[in-house]
Structure formats: C-alpha cells, structure tokens
Amino acid sequence: EVIRGPGAVEFGSDGLGGVVSVEPAPLPRDDRFVGEFSTQAFANNRQGVGSLGFQKGGLELPLLGTVATRFRLTTRRAGDASAPEANLRNTGFGEFSVSGALGWVGDRRRTEVLLSRYDTRLGLFTGAHFGNFDDLQRAIDRGPRESDFDYGIGNPRQQVTHDRAQIRHESLLGDNGRVDLSY
C-alpha cells in the first residue's frame with residue numbers, strides 16, 4: 001500500500017514524502033493446506049536461494065479453538081562476485097530467514113501472533129576501503145588483487161540479525177468502522 005499526504009504523518013516526519021507499507025496477506029480461513037517451494041540460481045556469484053512456505057486455516061486446536069497458521073523458511077548463499085578481469089574477494093554473503101504466524105480468524109475479527117528472524121552475514125570488498133585520495137589512487141593503479149572464487153566470508157564483514165514479535169488484532173465495527181491494535 002502506498003500512503004501519501006496526511007495519512008503518512010502517522011509514520012513520523014520521515015514519511016512526509018510518502019510511505020510504502022508492506023503487510024502480509026491475511027491468514028487463510030479455509031481448511032486447505034497450501035505449500036510452496038521455490039529455488040533460484042545466479043551465475044555471477046554462484047548464488048543459490050531456496051524458500052519453503054506453507055499455510056493452513058481451519059485448524060481445530062485444544063484450548064485455542066479454530067486457528068490458521070503460516071510458516072516460511074528462506075536461505076540464500078553467494079560467493080565472491082566477479083568483474084570482467086578479476087574476482088572481487090570477500091564479496092559473498094549468506095542469509096537465513098524464518099517466520100511464522102498463528103491467528104484466530106472470525107467473520108468480524110481476527111487476532112494474529114507473528115514471529116520472525118532475519119539473519120545475514122556480508123563480506124565487505126577490501127578493495128573499496130581507503131582513507132584518503134592517495135589510497136584511492138593506489139587502489140585504482142593496482143587494480144583488484146587476484147584471487148580465486150570462494151564462498152568464505154572473512155574480515156571485514158558485517159553481521160545483521162533482526163528479530164520481530166508482533167501481536168495484531170482487528171475488529172470490524174458496524175458497516176463503516178474498524179479498530180486495529182498492534183503491539
């Protein structure tokens with residue numbers, strides 16, 4: 001959803017130019033099991049991606065009643081990128097993400113508990129680091145150091161982990177009203 005104008009004020013002063021809000025699809029209400037597996041491959045850095053997801057609604061659980069669930073697991077691995085005449089050392093990365101949702105879905109209300117984790121490790125190309133103009137000139141004159149393709153990630157590198165837990169509730173009030181709560 002693209003939010004522009006006065007509605008973007010809800011997102012603070014950074015949202016004045018507009019906001020793109022990405023929300024997951026609603027949890028399913030029917031009791032059908034839907035699964036998906038996808039893979040991708042990229043030639044330049046010999047990257048591979050795999051993703052597995054499933055969702056099911058209409059589950060009857062003791063003490064909880066009728067619930068719906070969604071789960072997704074994605075992993076990605078890439079080695080060094082290459083330029084026309086050189087391999088760019090320490091430019092690989094690895095990624096792992098997992099997410100799950102459990103929700104109670106009714107005609108006029110729904111409550112969802114969402115958990116997710118995103119973890120990535122990124123190699124930083126050492127040829128891009130210089131402290132002044134002389135370092136830059138030396139890097140240009142020397143060019144990239146020769147190296148063989150590698151999936152390894154050495155120093156310098158960056159590690160990013162993002163954990164998220166959210167509880168959302170939505171209730172419809174009459175024909176024209178709605179209450180959304182999110183924590």
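1. Start with the β10 register. Leu 114 stands opposite Gln 166 in β10. Val 113 has its bridge partner in β10 too, namely Ile 167. Both pairs come from a predicted model, so read them as such under its confidence rule, which asks for pLDDT of at least 70 for local features.

2. The strand pair behind that register is β9 with β10. Strand β9 covers residues 109–123, and strand β10 covers residues 157–173. The two run antiparallel and are joined over 15 bridges. In general, strands of a sheet pair through backbone hydrogen bonds, in either a parallel or an antiparallel sense.

3. On to β11. Strands β10 and β11 are antiparallel, with six bridges between them. Ser 171 finds its bridge partner in β11 at Val 179. What lies between the two strands of this hairpin? Three residues do. In this hairpin Gly 174 takes a positive phi near 60°.

4. Now the sheet as a whole. Seven strands form an open sheet with antiparallel pairing, in the order β3-β4-β5-β8-β9-β10-β11. Which strands sit at the edges? They are β3 (33–42) and β11 (177–182), each paired on one side only. From one strand to the next, the twist averages 10°.

5. The element count fits on one line. The protein chain has 11 strands and one helix. Reading from the N terminus, the order is β-β-β-β-β-β-β-β-β-α-β-β.

6. Salt bridge across β9 and β10: Asp 163 and Arg 117 meet through their side chains at 3.0 Å, N to O. This pair links distant parts of the chain, with Asp 163 in strand β10 and Arg 117 in strand β9, 46 residues apart. Is Arg 117 buried or exposed? Neither label applies: Arg 117 counts as partly exposed, because its relative accessibility is 38%.

7. A second bridge to inspect is Arg 110 with Glu 112. Their side chains meet at 3.8 Å, N to O. Arg 110 is buried, because its relative accessible area is 19% and the cut-off for buried is under 20%. Glu 112 counts as buried as well, at 4% relative accessibility. Check the Arg 110 label with the cut-off in mind.

8. A third bridge joins Asp 180 and Arg 178. The distance is 2.9 Å, N to O. Asp 180 counts as partly exposed, at 43% relative accessibility. Arg 178 is exposed, with a relative accessible area of 54%. Elsewhere, salt bridges that share partners join Arg 110, Glu 112, Arg 168 and Glu 170 into one network. The structure holds eight salt bridges. As a general point, side chains of opposite charge can pair when their charged atoms come close.

9. Overall dimensions deserve a look. The protein chain has a radius of gyration of 23 Å, while a compact globule of 183 residues would have one near 16 Å. Along the principal axes, the C-alpha trace spans about 70 × 40 × 25 Å.

10. Burial and surface. Of the 183 residues in the protein chain, 23% count as buried. The chain exposes about 12,800 Å², and carbon and sulfur atoms supply 54% of this area.

11. Contacts along the chain. Among contacts with a separation of 6 or more, 57% come from residues 24 or more positions apart.

Technical notes:
Residues numbered from 1 in each chain as written. Predicted model: local features only at pLDDT ≥ 70, side-chain atom pairs only at ≥ 80, totals over all residues. Heavy atoms only, no water. Pairing = 2+ DSSP bridges. Helix = DSSP H or I, 4+ residues; strand = E, 2+ residues; numbered from the N terminus. Axes fitted to C-alpha atoms, helices over the stretch in contact; angles between N-to-C directions. Rg over C-alpha atoms; globule rule 2.2 N^0.38 Å. Buried < 20%, exposed > 50% of the residue type's maximum accessible area, 1.4 Å probe, protein only. Contact = heavy atoms within 4.5 Å. Areas by Shrake-Rupley, 256 points an atom, 1.4 Å probe, with all protein chains shown as cover. Salt bridge = Lys/Arg side-chain N within 4 Å of Asp/Glu carboxyl O.
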